[in-house]
Amino acid sequence: MITCNFEYYRPTSIDQAVRLFQHLDQTGKKPIYYGGGTEIISMGRMDNISTGSVIDIKEIPECRLLEIRGSHLVIGAGITLTQIHESNNFPLLAQAGARVADHTMQNKITLGGNLCSTIVYREAVLPLLLTDAEIIVAGPRGTRALPINQVFDQCMNLDKGEFIVQVKVQKPFLSYPYVHVKRTRQDKIHYPLVTICALRADKEIRAAFSNVCPFPFRSRAMEKELNRSSEPVGRRVDKAINLAPAGLPNDLESSSAYRRFVLKNLLTSIVTELEG
Amino acid sequence: MYQFLNEGLIEIKVNGELRKALVRPADTLLFALRERLGLTGAKPGCENGDCGACTVLVDGWPIKSCLMLAVEAVGHEVTTVEGLDNVPIQKAFVEKFAFQCGYCTPGFIMNCQGLIDIHPDASDETMHEWLQANICRCTSYQEITEAIKSVLHSDQAQE
């Protein structure tokens with residue numbers, strides 16, 4: 001049971017949602033945007049979240065799009081991970097989403113919700129980092145298109161009152177060779193020990209990681225080492241891992257040494273596979 | 001714009017009937033079904049989205065009702081285990097002895113029913129993917145798998 005009380009709003013346009021946020025904020029209702037709501041409800045049940053109002057964005061038409069438009073695949077923030085998987089327009093994102101929580105949860109978790117999650121894994125962001133996706137955000141400054149590598153740094157960095165409307169991915173990226181791998185400590189349904197998404201674009205391997213550091217990331221420095229094809233794969237992988245932007249976590253899932261061992265083996269097989 | 005600001009009546013379509021429920025905006029669908037509508041088929045387990053005991057169908061898709069607000073169901077169709085009338089998967093659970101204590105059974109049956117409706121020709125891989133959303137602490141997994149396979153592949157069996 002969620003002990004705190006809040007008001008529920010379901011706007012039907014971007015403008016309505018933005019104005020509502022500003023109004024509720026000015027009246028002290030501490031509004032939060034609401035996608036699938038799984039994290040908000042589970043945190044609310046534990047009294048780890050306190051809000052006076054939620055703004056459910058799932059009925060905003062722009063947030064419900066899932067289609068090819070011109071040269072891009074457009075995915076609304078209110079689209080669920082299952083819808084992405086079933087459409088299979090973007091196989092790498094479909095696979096990454098299909099390993100978030102479990103299948104029934106994927107029927108509720110939205111793309112926007114996963115990207116803005118406070119839980120560190122946010123695995124749906126990995127394919128978007130690799131494909132230089134564009135994030136369409138709406139807020140008091142209007143609607144803006146931002147490169148994901150600009151707006152996502154450890155977490156989604158949106159201005160107050162902004163929410164994600166859509167994600168746009170250029171069509172060529174949808175068919176590049178890719179690998180998605182998620183290793184858990186024991187069962188298939190679990191938080192990741194290591195998750196890696198990789199693809200080969202223009203003969204270069206790109207790789208993004210979750211739970212290798214305390215935040216999801218894509219590192220150009222690591223990619224540079226992985227693509228140094230004059231060197232043996234094992235040495236490249238070792239050098240790349242040494243360039244991780246933070247220390248490998250030492251937590252209940254695994255020691256940092258074991259995580260490094262798993263990461264090295266996975267990266268070695270991924271590089272070998274993508275280099276053909 | 002739809003809004004629901006304080007405790008009050010909402011109208012939800014459950015098992016084909018429009019039902020009124022007195023809830024707060026912060027109440028879950030699970031709470032509304034059990035405590036307001038008397039539909040106790042959906043079971044409270046972890047209430048954290050892990051166990052699947054509270055699974056119902058919303059517009060045909062399995063949803064953990066502990067992680068959905070009751071008010072979110074307004075405008076959608078909810079089906080609970082009470083809404084199934086001796087359908088093949090229920091018969092299969094009996095025939096295959098696919099339960100022991102039975103607490104997880106309604107959640108499993110609703111998830112199975114969703115799969116049967118949406119992907120009647122589901123592969124074993126898809127079936128396992130869907131079933132991993134539910135937990136049976138009595139470990140009846142083998143029998144549950146046999147039950148759903150007998151329904152999913154009943155067409156082939158008859159041919």
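Hi everyone, this is a short talk on how chain A and chain B meet in this structure. Please keep in mind that we are looking at a predicted model.

Let's start with the contact itself. Chain A brings 27 residues to it, and chain B brings 29 residues. Which elements of chain A give two or more residues to the side that touches chain B? They are β1 (7–10), α2 (38–45) and α5 (103–106). Of these, α2(A) gives the most, with five residues. If we sort that side of chain A by class, we find 10 nonpolar, 10 polar and seven charged residues.

Now to the strands. β1(A) pairs with strand β1 of chain B, residues 2–4, in the antiparallel sense, and three bridges join them. You can look for the partners yourselves: R10(A) has Y2(B) as its bridge partner, and Y8(A) has F4(B).

This pairing belongs to a wider picture. There is an open sheet of four strands here, in the order β2(A)-β3(A)-β1(A)-β1(B), and its pairing is mixed. Why is one side of β2(A) and of β1(B) left without a neighbour in the sheet? Both stand at the edges with a single partner strand each, so one side of each has no neighbour there. On average, neighbouring strands of this sheet are turned by 20° against each other, ignoring direction.

Finally, a helix joins the scene. Helix α1 of chain A, residues 14–26, packs on the sheet and touches β1, β2 and β3 of chain A. The direction of α1(A) makes about 175° with that of β3(A).

Thanks for listening!

Conventions. Residues are numbered from 1 along each chain as its sequence is written. Chains are lettered from A and ligands numbered from 1 in the order in which they are written. This is a predicted model: local features need pLDDT of at least 70, side-chain atom pairs count only at pLDDT 80 or more; totals for chains, interfaces and linings use all residues. Two residues are in contact if their C-beta atoms, placed from the backbone, lie within 7 Å. Ala, Val, Leu, Ile, Met, Phe, Trp, Tyr, Cys and Pro count as nonpolar, Asp, Glu, Lys and Arg as charged, and the others, Gly among them, as polar. Two strands pair if DSSP finds at least two bridges between them. Axes are lines fitted to C-alpha atoms, for helices over the stretch in contact, and angles run from 0 to 180 degrees between N-to-C directions.
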